[in-house]
Amino acid sequence: MAKRQTNKRATAPRIILLSDARNDAVLERALARLPRGSALVFRHYHLAQAERRARFLTLKRAAKARGIRMIGARVPAGWGADGVYGVASEFSGNPGLKLATAHTLAEIGAAKRAGANAVLLSPVFATRSHPGAKVLGPVRFLLLARRSALPVIALGGMTVRRAARIPVHGWAAIDGLV
């Protein structure tokens with residue numbers, strides 16, 4: 001097995017749970033099983049603004065009680081997220097942990113220039129989120145990951161078993177952690 005990617009400056013969590021409409025009903029239970037230092041990326045784009053804020057605050061309390069960071073995807077600064085998740089161009093002026101999405105080497109470079117702490121490189125495998133979408137596959141994923149100056153988080157069809165075989169900083173999932 002290859003040596004796991006490390007970065008002494010990395011503040012990025014090794015396990016990240018992403019929220020959406022599919023896993024909303026089980027998020028509190030999933031948070032209770034995550035190790036301290038993990039993160040929850042709150043997306044919940046399907047909710048109206050007031051409902052979305054209320055759900056964010058509920059999950060933030062549960063996450064904080066477990067030592068889990070609450071990262072916002074397109075959430076207002078006033079909500080008190082511990083960081084931001086999205087494309088590199090969305091980082092400007094956002095405090096806290098910056099987790100960038102990337103699918104190519106160019107996007108990894110943009111994340112580095114934007115001050116990202118880590119990059120979520122995807123999709124490694126086929127996902128229910130994007131049925132039929134082109135995947136990187138483990139070999140291409142690792143070729144890109146090895147060229148990254150940032151810690152790499154594997155995303156897309158990830159499970160505990162698959163994560164154990166991919167030697168990068170960490171992994172993230174929607175379904176694989178609930």
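Visitor: Which residue in β2 is the bridge partner of I16?

Guide: The model is predicted: local features need pLDDT of at least 70, side-chain atom pairs count only at pLDDT 80 or more, and totals for chains, interfaces and linings use all residues. Residues are numbered from 1 along each chain as its sequence is written, and side-chain values use heavy atoms, with hydrogens and water left out. Strands β1 and β2 pair in the parallel sense over 3 bridges (strands are DSSP E runs of at least two residues, helices H or I runs of at least four, both numbered from the N terminus; pairing needs at least two DSSP bridges). Within β2, I16 has as its bridge partner A39.

Visitor: Which residue of β8 is the bridge partner of L17?

Guide: Strand β1 (residues 15-18) sends I15 and L17 one way and I16 and L18 the other, and all are buried (under 20% relative accessible area with a 1.4 Å probe, protein chains only; exposed is over 50%, partly exposed in between). β1 also runs parallel to strand β8 (residues 170-173), joined by 3 bridges. There, L17 is matched with A173.

Visitor: In what order do the 8 strands close into a barrel?

Guide: The pairing is parallel. One of the pairs is β6 (residues 118-121) with β7 (residues 152-155), over 3 bridges, where V119 stands opposite V152. The barrel order is β1-β2-β3-β4-β5-β6-β7-β8.

Visitor: Within what arc do the buried residues of α2 fall?

Guide: Helix α2 (residues 49-65) buries R52, R55, F56, L59 and A63. Seen down the helix axis, these residues line one face, because the arc they fall within (taken from the directions from the axis to the C-beta atoms) is 105 degrees.

Visitor: Which elements do the buried residues of α2 pack against?

Guide: The face turned away from the buried side carries the exposed residues A50, R61, K64 and A65. On the buried side, contact (heavy atoms within 4.5 Å) is made with α1 (27-33), β2 (39-42) and β3 (69-72).

Visitor: Which helix gives the most to the largest nonpolar core?

Guide: A nonpolar core is a set of buried Ala, Val, Leu, Ile, Met, Phe, Trp, Tyr and Cys residues joined through side-chain atoms within 4.5 Å. The largest has 41 residues, of which L121, F141, M158, I166, V168 and W171 touch the most other members. With 4 residues in this core, the helix that gives the most is α4 (residues 137-146).

Visitor: How many residues are in the other core, which lies apart from it?

Guide: Among its members are V41, A73, Y85 and L97. The residue count of this core is 16.
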